[in-house]
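Me: I should like to go through this model term by term, setting each value against its definition. Please begin with the surface.

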Amino acid sequence: MFGPAIALAIGAKFVPLRKPRKLPGEVISESYVLEYGTDCLEMHVGAVEPGERVIVIDDLVATGGTLSAAIKLLERVGAEVVECACVIGLPEVKDCCRIKGRPLYILVEPRLSDECC
C-alpha cells in the first residue's frame, strides 16, 4: 500500500478500499464486474463524510472496473471524487483518459512489443 505515504505527503487522510473480509469492523460494499467474473470493494462505515473531496489511487488499471466501483462506493456516502490516479496502466486504457467522467493519471504504461528497438 502506497496510499498512506501519498496521503501523508499531501496532508490528507487515507481511507482504504479493500477486497471483502480484509477490513475489520463495519463496512459497506460495492460489487462490480470484471472481464473474468465479479468482485467487490469494501470501505469502513463513516470513513468518508458527505462533501469530502477524494482522489482515488490504485496500483493498476486494466479495464477501469475497480476504479469505477470505488467511485460508486464513495459517491454513495456523499463524497466528491475529484480525480483518479494509477501507477500502471495497461494498453487497454491507453485511449481512456477519464473514468466515469473523472481525469485519470497514469504514471507508467508498458511499451508495446512493436515499439521496441
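Reply: The protein chain exposes about 7,400 Å², and carbon and sulfur atoms supply 55% of this area. Accessible areas come from the Shrake-Rupley method with a 1.4 Å probe, and for residues only the protein chains shown count as cover. The model is predicted: local features need pLDDT of at least 70, side-chain atom pairs count only at pLDDT 80 or more, and totals for chains, interfaces and linings use all residues. Residues are numbered from 1 along each chain as its sequence is written, and side-chain values use heavy atoms, with hydrogens and water left out.

Me: What makes Arg102 buried and Glu75 partly exposed?

Reply: Buried means under 20% relative accessible area, exposed over 50%, and partly exposed in between (1.4 Å probe, protein chains only). Arg102 has a relative accessible area of 16% and is therefore buried, whereas Glu75 has 35% and so counts as partly exposed. Of the 117 residues of the protein chain, 32% count as buried.

Me: Why is the pairing of Glu75 with Arg102 called a salt bridge?

Reply: A salt bridge is a side-chain nitrogen of Lys or Arg within 4 Å of a carboxyl oxygen of Asp or Glu. The closest N and O atoms of Glu75 and Arg102 are 2.1 Å apart, so the definition is met. Glu75 lies in helix 2 and Arg102 in strand 6 (residues 102–108), so the pair ties together parts 27 residues apart in sequence. Helices (H or I, at least four residues) and strands (E, at least two) are DSSP runs, numbered from the N terminus.

Me: How do you know that Lys19 has a salt bridge with Asp39, and what is found for Asp58?

Reply: The side chains of Lys19 and Asp39 come to 2.9 Å, N to O, which is within the 4 Å limit. Asp58, in strand 3 (residues 53–61), is buried yet has no salt bridge; Lys19, its nearest side chain of opposite charge, is 7.6 Å away. Lys and Arg count as positive and Asp and Glu as negative, while His and the chain ends are not counted.

Me: Which residues does Asp58 touch, not counting those up to four places away in sequence?

Reply: Contact means heavy atoms within 4.5 Å. By that test Asp58 touches Phe2, Thr66, Leu67, Ala85, Cys86 and Val87.

Me: How many salt bridges does a search of the whole structure find?

Reply: The search finds five. One of them joins Lys13 and Glu52 at 3.1 Å, N to O; Lys13 is in the loop between helix 1 and strand 1 and Glu52 in the loop between strand 2 and strand 3, 39 residues apart.
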